[in-house]
Amino acid sequence: AREQSEAFETFTNSLSEFVQCIQDNGGYYKQCAKDGPNIVDVTVVPWLLRLHVLEYYRSHLSVSESMGKKNHKQLMQYKDRMINLPAVQTTIAKDGEKLIRVYKRYADGTAKSKVADAVRAGKNAHEI
């Protein structure tokens, strides 16, 4: 549990840092953006779409509490902007409950894959 809490803190601290790199005018990742989203934005979206899965299975971990209200609000506004882009709309899973079901085996440690075996063994997947 301590290891999960530490990893979660690292994750949410990184999200808070990311929020600081979003354009002030409600845009996208500002290191790359000119007029629209870029590779960084597109890479972050799948993780943001799975935050509810993390909080479902690890209800003692709260993204909003860990990030602080201001950073969390900015992150959710950014997520909403991204998922409303037509290019993103055509690629995302619309059923959030289905994602919860899909990730159940990972959350309860019953997944059967090399990655799952590596996680259970405390190793990287390429070491298995």
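## Histidine 60 and the H3–H4 loop

Let's start at histidine 60, which sits in the loop linking H3 to helix H4 (63-67). This is a predicted model, and in it histidine 60 has a relative accessibility of 54%. That puts histidine 60 in the exposed class, because the cut-off for exposed is over 50%.

Where does the chain bring serine 5 relative to histidine 60? The two residues are 55 positions apart in sequence, yet their C-alpha atoms lie 9.2 Å from each other.

## The overall fold

Zooming out, the protein chain is made of helices: eight of them, with zero strands. Walk along the sequence and you get α-α-α-α-α-α-α-α. Measured out along the principal axes, the C-alpha atoms take up a box of roughly 45 × 30 × 30 Å.

How much of the contact network spans long stretches of sequence? Take the contacts in the protein chain with a separation of 6 or more: 59% of them join residues 24 or more positions apart. As for burial, 33% of the 128 residues count as buried.

## Surface and charge

The protein chain exposes about 8800 Å², and 53% of that comes from carbon and sulfur atoms. On the charge side, there are 19 positive and 15 negative side chains. The centres of these two sets are 5 Å apart.

## The largest pocket

The largest pocket comes in at about 1200 Å³. Which residues come closest to its centre? Out of 28 lining residues, they are Leu54, Arg58, Tyr106, Ala107 and Val119. Several helices chip in two or more residues each to that lining: helix H1 (2-20), helix H2 (39-48), helix H3 (51-57), helix H7 (96-107) and helix H8 (114-121).

## Glycine 27, tucked away

Glycine 27 belongs to the loop between H1 and H2. Is glycine 27 buried or exposed? Its relative accessibility is 7%, so glycine 27 counts as buried, the limit being under 20%.

What does glycine 27 touch, once neighbours within four places in sequence are set aside? The contacts are Ile22, Tyr78 and Arg81. Leucine 61 is another matter: glycine 27 and leucine 61 are 34 residues apart in sequence, with 28 Å between their C-alpha atoms.

## Asparagine 13, in between

Asparagine 13 is part of helix H1, one of the helices that give two or more residues to the lining of the largest pocket. With a relative accessibility of 36%, asparagine 13 counts as partly exposed, because that value falls between the 20% and 50% limits. Methionine 76 is 63 residues away from asparagine 13 along the chain, and their C-alpha atoms are separated by 15 Å.

## Glycine 122 and the chain start

Finally, glycine 122 is found in the segment after H8. Its relative accessibility is 67%, so glycine 122 counts as exposed under the over-50% rule.

How far is glycine 122 from alanine 1 in space? They are 121 residues apart along the chain, and the distance between their C-alpha atoms is 14 Å.

Key:
Residues numbered from 1 in each chain as written. Predicted model: local features only at pLDDT ≥ 70, side-chain atom pairs only at ≥ 80, totals over all residues. Heavy atoms only, no water. Helix = DSSP H or I, 4+ residues; strand = E, 2+ residues; numbered from the N terminus. Buried < 20%, exposed > 50% of the residue type's maximum accessible area, 1.4 Å probe, protein only. Contact = heavy atoms within 4.5 Å. Areas by Shrake-Rupley, 256 points an atom, 1.4 Å probe, with all protein chains shown as cover. Lys, Arg positive; Asp, Glu negative; His and termini not counted. Charge placed at Lys NZ, Arg CZ, Asp CG, Glu CD. 1 Å grid on protein atoms, 1.4 Å probe; cavity = no way out; pocket = protein on both sides within 12 Å on 5 of 7 lines; lining within 4 Å. Points joined across faces, edges and corners; volume = space filled by probe spheres on them.
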